[in-house]
Amino acid sequence: MARGSARRALASGVLLALSIAAGGAMAAPDGAAIVFHGIGTAPACASCHGAQGQGNPAIGAPPLAGDGSAYLREQLANFASGQRINPIMQPIAHALSPGQRDAAAQVFAGMPALAPHRVAPEGNPLGARLAERGRWSEHLPACTQCHGPDGVGVGTAFPHLAGLAAPYIASQLAAFRDGKRPPGPLGLMARVAHKLSPADVAAVSAYFAAAGGAGAPGKMP
Amino acid sequence: MTGTRRFAAALLAVALAAGPVIAAQPASFRPPPDSAIPAGPFGQAVRLGETIFRDTGRAVPQYVGNDLRCSNCHIDGGRLAGAAPLWAAWVAFPAYRGKTKAVNTFAERLQGCFRYSMNGTAPPLGSKTLIALEAYSAWLATGAPTRAHLAGRGYPRLPKAAQAPDYARGATVYGQHCALCHGPDGAGQRAGGRVVFPPLWGARSFNWGAGMGSIANAAAFVKANMPLGDGGSLSDQQAWDVAQFLDSHERPQDPRFSGSVQETRARYHNSPYSMYGRTVNGQVLGASAAK
């Protein structure tokens, strides 16, 4: 009995020493390497999301530059667990360790975000109203009350909306509504999405798409 | 009596019989949509009032001493029932107020907001700022009966919870439901050069003289309106506890400060709902408040 526990103690001591050695030898995940070169089966994030994190609307890859690290980390975790459904991102996130996901998130969080610009409300009054005022008869806050002026994004948890492609915004609102994406902190976004009609979704998606790019049309598609 | 009228009368009778049930959902006053703001000088004053109300610190920085805006506590630009709507306040003044021990006009009531809630300077009576805010309020109350207590006025009074409000439980509620937006330190969050989530305590929040410094008032506001867009989701107990927590932090000094915290407490904060002058975490609240 005594000898067994001594052997176990020895074994665990050896294991501890090994793990310390391994930990010392293993550097923290290199976020830049993951983002720009990929790792294992995960391709470089930048190959779709852009070297400046500017995204690629042609393939539905949203810009990530300047988004909060907590938000990005959570989305990667959601993809990895299958709670957020996306055939491209799920296997990629699954291939990354939590530390690697965190490191990649930090890289995008550190990139400068594009400054949004004000969209003239005349071309899209419904979108402007929902974005700037909300619809309090249904206790629906304005998008900008959490996502910041013109959808610039706020802190680590509220991502930017300005410059996201309209089809991407619309697809995410549908995913929130249909439970194909976790409801967001405090369940905020599922509640919001359930209060939006298809016309609301189209208008608000066009509004924030227009808030991002210079020369982007402010009118409804 | 036509058939339709008879049917309507029958419906009315049913509605009257079912009084208490109907009364639970009172048809509250509805302010006009902003598309109805008239053209001309009055409409211009209304629009200016709304701009000041929604973006106070940028519109009238000379009167604002913190990071709040009127519409933080009066949600939807002062339209929302249960969030101290302007239309209900407008028809209630002039009125006697215990706080000032005088009959105050609506304009004087607005001055109080600037002095305490905005931790700033009261705009003079007759100033463009107060006239614009009065015009906006009066316009929102278009068609409302005057001197009436309209349903939706103020914040719905919150019944006492089973347990006395508790700081430690409030801190837990805060961490779970509030800190995401208002920050773990209560300082709020900014983005794009603007305040997005208002600070709830500290140097950039309302001062000790503000109505929201009353735990009962803060609890009522929180219960009805927080988290934003999800009012009513916290239990009464959670609302009381988190209000106790919020109002147990240091904030700018009460402008009526006499030089002595205990004397100021005795004169203006002699209520179980005020933590001013009480000791929390070894600090006497109000003693190190910025003036």
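Okay, let's start at Asn66(B), which sits in the loop between α4 (56–59) and α5 (70–73) of chain B. Keep in mind as we go that this is a predicted model. So, is Asn66(B) buried or exposed? It's buried: the relative accessible area is 5%, and the cut-off for buried is under 20%.

What does the side chain of Asn66(B) reach? The backbone oxygen of Ser205(B), at 3.1 Å. Ser205(B) also turns up in the contact list for Asn66(B), once you leave aside neighbours within four places in sequence. That list has Ser117(B), Met118(B) and Asn119(B), and then Arg204(B), Ser205(B) and Phe206(B).

Staying in chain B, here's another loop residue. Pro94(B) is in the loop between α7 (86–90) and β1 (95–97). This one is partly exposed, because its relative accessible area is 49% and exposed needs over 50%. Not counting residues up to four places away in sequence, Pro94(B) touches Val103(B), Asn104(B), Thr105(B) and Arg147(B). And if you want a distance to orient yourselves, take Arg47(B): 47 residues from Pro94(B) in sequence, and 24 Å away in space, C-alpha to C-alpha.

Now for some helix packing. When two helices pack, you describe them by the angle between their axes and the distance between those axes. In chain B, look at helix α8 (residues 106–117) and helix α9 (residues 128–140): their axes come within 10 Å and cross at roughly 115 degrees. The roughly perpendicular class runs from 65 to 115, so α8(B) and α9(B) are described as roughly perpendicular to each other. The crossing itself is right-handed.

Which residues make that contact? From α8(B) you have Phe106(B), Ala107(B), Leu110(B), Gln111(B) and Phe114(B). From α9(B) come Thr129(B), Leu130(B), Leu133(B), Glu134(B) and Ser137(B). Sort the residues of this contact by type and you get six nonpolar, three polar and one charged.

Over to chain A. How many helices and strands does chain A have? Eleven helices and zero strands, so if you walk from the N terminus it's just α after α, as the order of elements shows. Of the 221 residues in chain A, 42% count as buried. And on contacts: among those between residues at least 6 apart in sequence, 61% join residues at least 24 apart.

The helix pair to look at in chain A is α9 (residues 166–178) with α11 (residues 198–210), which pack at an angle of about 135 degrees, axes 8 Å apart. That angle makes α9(A) oblique to α11(A). Here too the crossing is right-handed. On the α9(A) side, the residues are Ala166(A), Ile169(A), Ala170(A) and Leu173(A). They meet Val201(A), Val204(A), Ser205(A), Ala206(A), Phe208(A) and Ala209(A) in α11(A). The split for this contact is nine nonpolar, one polar and no charged.

Last residue for today: Ile88(A), in the loop between α4 (69–81) and α5 (89–95) of chain A. Buried or exposed? Exposed, because its relative accessibility is 53% and the cut-off is over 50%. For orientation again, Ile88(A) and Phe158(A) are 70 residues apart in sequence and 23 Å apart in space, C-alpha to C-alpha.

That's it from me.

Conventions:
Residues numbered from 1 in each chain as written. Chains lettered and ligands numbered in written order. Predicted model: local features only at pLDDT ≥ 70, side-chain atom pairs only at ≥ 80, totals over all residues. Heavy atoms only, no water. Axes fitted to C-alpha atoms, helices over the stretch in contact; angles between N-to-C directions. Helix = DSSP H or I, 4+ residues; strand = E, 2+ residues; numbered from the N terminus. Parallel < 35°, antiparallel > 145°, perpendicular 65-115°, else oblique. Left-handed = near helix turned anticlockwise from the far one by under 90°. Contact = heavy atoms within 4.5 Å. Nonpolar A, V, L, I, M, F, W, Y, C, P; charged D, E, K, R; others polar. Buried < 20%, exposed > 50% of the residue type's maximum accessible area, 1.4 Å probe, protein only. Polar contact = N/O pair within 3.5 Å; in protein donor to acceptor, adjacent residues only side chain to side chain.
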